[in-house]
Amino acid sequence: MKIKFMKKLKYLFGIVILVFFIGISVMIFNKNNIINVVEINDEVLNSWEKVYISLKEKSLNKYYFKNEDLHNGDIFLLQRKNQGLMLKDGDKVLINLTIIPDGLSHTVVGYILDEKFTEIFSEPVSDKLSTSLEIKSDGEYVFCIVGSNANYITIKNGVIIVD
């Protein structure tokens with residue numbers, strides 16, 4: 001009886017250790033992929049599919065991403081290190097996108113600040129999009145690209161420059 005109990009205890013201890021190591025492995029694997037959920041105070045945009053895109057830093061205040069498919073009903077949320085860009089009053093932001101569209105595609109670009117979406121560009125685009133804005137208040141800005149096209153577009157190169 002005592003031997004069966006010890007075997008069961010040993011077996012249970014082995015399972016606990018295995019679960020512990022799996023948990024640690026998942027935490028290490030996901031360490032760089034933790035998503036800071038972006039809240040949007042807009043019923044329509046909240047019903048769309050949020051796609052979190054990680055911006056890479058090309059140089060100081062120059063960020064980029066490549067080869068992302070934006071489908072109708074998607075909203076790309078562009079983040080650096082799982083958060084928006086910390087910008088100050090007077091900063092100038094330039095956004096350039098190189099697009100492979102399916103024909104002429106309507107594309108919307110904006111930002112989220114304090115859960116409020118503000119549109120800065122909304123027009124049909126064939127292959128390149130360039131827009132800029134001057135920041136009016138300090139805060140964490142999450143730049144967005146909204147898929148309002150009939151099909152999907154591939155954003156070959158996306159660049160955000162802060163000056």
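**Strands, cores and a lone aspartate**

Me: What makes strand 7 and strand 8 (residues 116–125) a pair?

Reply: In this predicted model, nine bridges join strand 7 to strand 8, and the two run antiparallel. Pairing takes at least two bridges, so with nine they count as a pair. Within that pairing, isoleucine 112 sits opposite phenylalanine 117 of strand 8. The hairpin the two strands form has two residues between them, and aspartate 114 there takes a positive phi near 55°.

Me: And how do you know that strand 7 pairs with strand 10 (residues 139–147)?

Reply: By the bridge count again: strand 7 and strand 10 share six bridges, in the antiparallel sense. The cut-off is at least two, so they pair as well. Isoleucine 112 turns up here too, standing opposite valine 142 in strand 10.

Me: Why is strand 7 (residues 105–113) called mostly covered?

Reply: Buried means under 20% relative accessible area. Eight of the nine residues in strand 7 are buried, so "mostly covered" fits. For the protein chain as a whole, 33% of the 163 residues count as buried.

Me: How is the protein chain put together along the sequence?

Reply: There are two helices and eleven strands. The pattern starts α-α, and β elements follow. Among contacts between residues at least 6 apart in sequence, 75% join residues at least 24 apart.

Me: Why does aspartate 74 have no salt bridge?

Reply: Its nearest side chain of opposite charge, lysine 50, is 12 Å away. A salt bridge needs a Lys or Arg side-chain nitrogen within 4 Å of a carboxyl oxygen, so aspartate 74 goes without one. That aspartate is buried all the same, and lies in strand 4 (residues 74–79). Leaving aside neighbours within four places in sequence, aspartate 74 has contacts that include Trp48, Val51, Asp69 and Ile145.

Me: Which residues have the most contacts inside the largest nonpolar core?

Reply: Leu78, Val93, Leu97, Phe143 and Ile160, in a core of 28 residues. Apart from it lies another core, of eleven residues, with Ile75, Val108, Cys144 and Val146 among them.

Me: How do you know that isoleucine 160 is in contact with Leu78 and Phe143?

Reply: Contact means heavy atoms within 4.5 Å. Leu78 and Phe143 are both listed as contacts of isoleucine 160, so each has heavy atoms within that limit. Its other partners, again leaving aside neighbours within four places in sequence, include Leu55, Tyr63, Leu85 and Val93.

Terms used
Residues numbered from 1 in each chain as written. Predicted model: local features only at pLDDT ≥ 70, side-chain atom pairs only at ≥ 80, totals over all residues. Heavy atoms only, no water. Buried < 20%, exposed > 50% of the residue type's maximum accessible area, 1.4 Å probe, protein only. Helix = DSSP H or I, 4+ residues; strand = E, 2+ residues; numbered from the N terminus. Lys, Arg positive; Asp, Glu negative; His and termini not counted. Core = buried A, V, L, I, M, F, W, Y, C linked by side-chain atoms within 4.5 Å.
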